[in-house]
Amino acid sequence: MPQRYHPVLVVLHWLLAAFLIGLLIAGTVLLAPVPNDDPAKLLSFRLHMGLGLLTFFLMVLRLAVRLTTRTPSPAVTGNAALDRLARANHWALYLLAFVMAGSGIAMARASGLPDAVFGDGPMPPDFADYTARRVHGLASRLFMALIALHIAAALWHHFIRRDGILARMRLGPR
Ligand code: HEM
Ligand code: HEM
């Protein structure tokens, strides 16, 4: 069993953590509370949609590398339920990243947003009537909670259990 994740997974883990946390904060603070006719929102839309799409492609790459490379043996805590929770949370994080990207793309397509943001089409007044908007909003809150749990668990491993877990997500000889 390797001691660390594949280097591509290590790089993608930290890059995508930054992208996803940035998208979650910017979506909540710079998009949701601002009316669509505010000209300042155009740049936020461009960045959010561009970064959201890039995140989607990198998540596909990440999943493909994850499923085809060997990973370190699952970290154990001494509590079987906690170990199962960790594995379930990892897969839920993958799933929610795809739900966020998928619902974002669905909402944009249904509302004609790409034409409004990158062309000269009409801007939708808001997204309230789109199911994909509700999925995007609700999934974002669940995603935030699971990321918080994941970070708390990583810090608990590192500082309390001192089992060197962060080294598994670092570049180095495998
Ligand atoms: C958006 C934020 C994040 C997401 C979506 C995320 C997702 C994941 C996923 C899915 C895994 C399992 C490995 C895999 O299957 O690829 C993982 C592992 C890991 N993550 Fe994160 N992560 C995030 C942020 C963080 C942060 C901020 C830390 C550090 C404080 C961290 C520390 C770790 C560690 C140490 C592992 C290895 C766990 C193990 O070996 O069992 N992650 N992460
Ligand atoms: C891939 C990861 C993505 C994350 C983490 C993310 C995150 C967020 C968050 C947190 C919000 C605010 C939700 C709320 O407070 O109710 C939001 C809104 C939004 N996102 Fe995303 N997003 C992602 C991808 C995308 C993509 C790919 C698109 C479109 C192509 C998109 C389009 C939008 C739109 C149109 C809004 C609504 C803005 C409004 O209500 O005025 N998102 N996003």
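## Reading two iron sites in a helical protein

The largest share of the shell around ligand 2, 7 residues, is contributed by helix 2.

Trainee: Before turning to the ligands, what is the secondary structure of the protein, and what pattern does it follow along the sequence?

Mentor: A fold is best read by listing its elements in order. This is a predicted model, and in it the protein has 5 helices and 0 strands, giving the pattern α-α-α-α-α when read along the sequence. The C-alpha trace spans about 55 × 25 × 25 Å along its principal axes.

Trainee: How many residues surround ligand 2, and which are the closest?

Mentor: One starts with the residues that surround a ligand and then asks which elements supply them. Ligand 2 is surrounded by 27 residues, of which the closest are Lys41, His48, Arg133, His136 and Arg141. Helix 1, helix 2, helix 3 and helix 5 each supply at least two residues of this shell, and the space that ligand 2 takes is the second largest pocket.

Trainee: How does the shell around ligand 2 divide by class?

Mentor: By class, the shell around ligand 2 comprises 14 nonpolar, 10 polar and 3 charged residues. Individual contacts then add detail: a polar side-chain atom of Arg133 lies 2.9 Å from an oxygen atom of ligand 2, while His48 has a polar side-chain atom 2.8 Å from a nitrogen atom of the ligand, and for His136 the corresponding distance to a nitrogen atom of ligand 2 is 2.8 Å.

Trainee: Which protein atoms are donors of the iron atom of ligand 2, and what is the geometry of the site?

Mentor: For a metal site, one identifies the donors and then examines the angles among them. The protein donors of the iron atom of ligand 2 are the NE2 atoms of His48 and His136, which lie 2.0 to 2.1 Å from it. The site has 6 donor atoms with angles of 85 to 179° among them, and it is octahedral. Because His48 lies in helix 2 and His136 in helix 5, the pair ties together parts that are 88 residues apart in sequence.

Trainee: Turning to ligand 1, which protein donors does its iron atom have, and why is the arrangement octahedral?

Mentor: The same two steps apply. His13 and His150, each through NE2, are the protein donors of the iron atom of ligand 1, at 2.0 Å from it. The arrangement is octahedral because the 6 donor atoms around this iron atom subtend angles of 89 to 179°. This pair also links distant parts of the chain, with His13 in helix 1 and His150 in helix 5, 137 residues apart.

Trainee: What surrounds ligand 1, and which side chains have N or O atoms by its own polar atoms?

Mentor: There are 19 residues around ligand 1, the closest being His13, Arg66, Tyr94, His150 and Arg168. An oxygen atom of ligand 1 is 2.6 Å from an N or O atom in the side chain of Arg66, and an oxygen atom of the ligand is 3.4 Å from such an atom in the side chain of Tyr5. For His13, the distance from a side-chain N or O atom to a nitrogen atom of ligand 1 is 2.8 Å.

Trainee: Which element gives the most to the shell around ligand 1, and what are the classes of its residues?

Mentor: Helix 1 gives the most, with 5 residues, and the residues of the shell around ligand 1 divide into 13 nonpolar, 3 polar and 3 charged. The space taken by ligand 1 is the largest pocket, and the elements giving two or more residues to its shell are helix 1 (7-31), helix 2 (40-68), helix 3 (80-111) and helix 5 (131-161).

Key:
Residues are numbered from 1 along each chain as its sequence is written. Chains are lettered from A and ligands numbered from 1 in the order in which they are written. This is a predicted model: local features need pLDDT of at least 70, side-chain atom pairs count only at pLDDT 80 or more; totals for chains, interfaces and linings use all residues. Side-chain values use heavy atoms; hydrogens and water are left out. A residue is near a molecule or strand if one of its heavy atoms lies within 4 Å of it. A polar contact is a pair of N or O atoms within 3.5 Å; within protein, one must be able to donate a hydrogen and the other to accept it, and residues adjacent in sequence count only if both atoms are side-chain atoms. On a 1 Å grid over the protein atoms alone, a cavity is a set of points where a 1.4 Å probe fits but cannot get out, and a pocket is an open set with protein on both sides within 12 Å along at least five of seven lines; lining residues have an atom within 4 Å of a point. A molecule sits in a cavity or pocket if more than half of its atoms lie within 2 Å of its grid points. Helices (H or I, at least four residues) and strands (E, at least two) are DSSP runs, numbered from the N terminus. Ala, Val, Leu, Ile, Met, Phe, Trp, Tyr, Cys and Pro count as nonpolar, Asp, Glu, Lys and Arg as charged, and the others, Gly among them, as polar. Donors are N, O and S atoms within 2.8 Å of the metal (3.2 Å for Na, K and Ca); water is not among the atoms, so sites may look incomplete. Four donors count as tetrahedral if all angles lie between 85 and 135 degrees; four count as square planar and six as octahedral if opposite donors are over 155 degrees apart and all others between 65 and 115; anything else is irregular.
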